[in-house]
Amino acid sequence: MDLLSALQRLRASLDRELFPLAIGEAADDRRALKELTGQLDDYLLPRLRAIDAPLLAVVGGSTGAGKSTLVNSLVGEDVAEPGVLRPTTLVPTLVANPADRDWYLGQNVLPGLSRATGSGPGALRVVASDALGAGLALLDAPDIDSVVTANRELAAQLLAAADLWLFVTTAARYADEVPWSFLRTARERSTALAVVLDRVPEEAAGPVTRDLERLLEENGLAGARLFTVPEAPLPSEKARLPAEAVAPITAWLSGLAADAAERSRVVRQTLSGALDSLATRVPALAGAVERQEAGFGALRDVVAGAYAGGMADFDEGMRDGSLLRGEVLARWQDFIGTGDFMRSLESRVGWLRDRIVGFFTGQMPEARLRDALESGVEALIRGSADAAAERALEGWSAAPGGGGLLDRLGAMESARLGRAAPDLGKRAEAAVRGWQEYVLDLVRQEGAERRTTARMASFGVNGAGLLLMLAVFASTGGLTGIEVGIAGGTTVLSQKLLEAIFGDQAVRTLTARAREDLRERVRVLMDEEAARFLSVLEPLEPPRGTAAALLDAARTIRDHRTDLPPNRTAVLPVPDTSPQAPTDPGVSPQAPTDPGIRPAPGVSPQAPTDPDIRPVPGSRAGESPPARRVPEGGDGR
């Protein structure tokens, strides 16, 4: 796998929402994800595909720094639109030589922005001008501190897509913190950088320039080229600066456009720095994805626990005899009369059998008892499912990320989720009827044996089956039915008659099998109910193994970090003709020919030597090393 393929694989792993849960610093994680995917799409992938494409210099800076005026002055034409209203630059303008215009009009760089015809955020205006030499383009970016969020985000996106930053600040605002946060990003990614100090009063030129140089050095940017543009009275906001005021910058850019080798060096420096930054940015994202995976796992555990509780509620309802009260007991008492039956149980067995046989042969329809039992079981299932859904909803509300997930669903959908599904009644009815048929099959199989055939004939399959159904809700595996004696003797009766038909051991076995079959059917229903919650998670949860895939991609990129494609258009000088000429035809980013553009001190363009790239414990996606905060104010002190 080559470097381009490794980056494409990394991009594919990022091609979905990875941080849907509000866990930890999720907002920062989402921002870091957006920045990384943007730089892959806008810069790393396009630049690797065309290493010798024209160099893009982005002119960025704070509100009112004079970026558009500077671009117009450098080009000598009114290509950008300066103004007094803020924000000023709404649509970024890219100025390129006519020979390079088609390259920038295509989707080669910044493919997510429309070209030429766009007139609002998300568009890129491309202008051709002979004032710029072929091989170099200037892009006037929106304000990095714009009051419009979309403008700030676009400014950051454009700077991340640049081969070279031409960063503009003023004598009054050069020490503001916002610009320095961007400058530190350039340092951390070894981005080629030049700083323009604009609107400098003549009397303050010396002290302000020295103080800015001090701040650059303290922030690891001592190698950045610094241009000073003196303050000049302009007749209007749209006027251009005097040619002599910007002559040093114009000369430098012209030389850069004319020197293919130097452009190649600048491109490779910035490209190498961006690749190096992935060694920390990608593992940090992987760590954030692992936090999301843990959050989803916790939400799944809440659902599993809630519906395990639902099964426990159902089991308790089977054991405590409550189901045999109410309608079931009423249908039973219609025939036997609880008090009379209990008094005659020992002495009037023959009379009891006659009454029971009459009951099951038509003197009292058995369907009433069966229907009452079916309704009771269905009600127990619905009650257990409702309680489980309520517990699951409450658990999500309290779990990290769960509250935001429910907010995302909306109040009505969350309320529906907190109750059993509307069609549970029909599914429960089908399950109970299936169970009743299963019980009758058990009775048929057991009654087919010769020793029980005669006794079964007195009761019939349906009658014995109903007695077994009652026993399921009256005892634990048929072992305690006689001792429990709940619901006015109902359990005693069912147990006694079953033992008279099948024998003590057979009753235990039949009851256990019937109970387990019913529990399994109810468990299926509970799993279906739990699936309503899990179906909310599934489309949002990052694919399993995403964090591991990100770490693996970071390792692969590190292994191929130096495999940059050769430059096919740069005409390199003979090594011996200049002490600064690179000796490697690939043009090493560590051998700058322009002392004003070089990797920041302490930032090595070499690949990390640690073979195992892991998220730093406690780190956040996109988190940078601590840096000195530049104090706000005009003097920088």
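This is a short tour of a predicted model, going from its sheet to a few of its salt bridges. Residues are numbered from 1 along each chain as its sequence is written, and side-chain values use heavy atoms, leaving out hydrogens and water. Because the model is predicted, local features need pLDDT of at least 70 and side-chain atom pairs count only at pLDDT 80 or more, while totals for chains, interfaces and linings use all residues.

Begin by selecting the strands (DSSP runs of E, at least two residues, numbered from the N terminus) of the open sheet, whose 8 strands follow the order β3-β4-β2-β5-β1-β6-β7-β8 with mixed pairing. The edge strands, β3 (114–115) and β8 (225–230), each pair on one side only, where pairing requires at least two DSSP bridges between two strands. Select β4 (123–128) next to see β3 pair with this strand in the parallel sense over 2 bridges, with L124 of β4 as the bridge partner of R115.

Now turn to the salt bridges (a side-chain nitrogen of Lys or Arg within 4 Å of a carboxyl oxygen of Asp or Glu), of which the whole structure holds 36. Select R408 and E17, whose closest N and O atoms are 3.1 Å apart; R408 lies in helix α14 (402–409) and E17 in the loop between α1 and α2, so the pair ties together parts 391 residues apart in sequence. Helices here are DSSP runs of H or I, at least four residues.

Next, select D276 and R561, which meet in a salt bridge at 2.6 Å, N to O. D276 is buried at 14% relative accessible area, and R561 is buried at 5%, where buried means under 20%, exposed over 50% and partly exposed in between, using a 1.4 Å probe and protein chains only.
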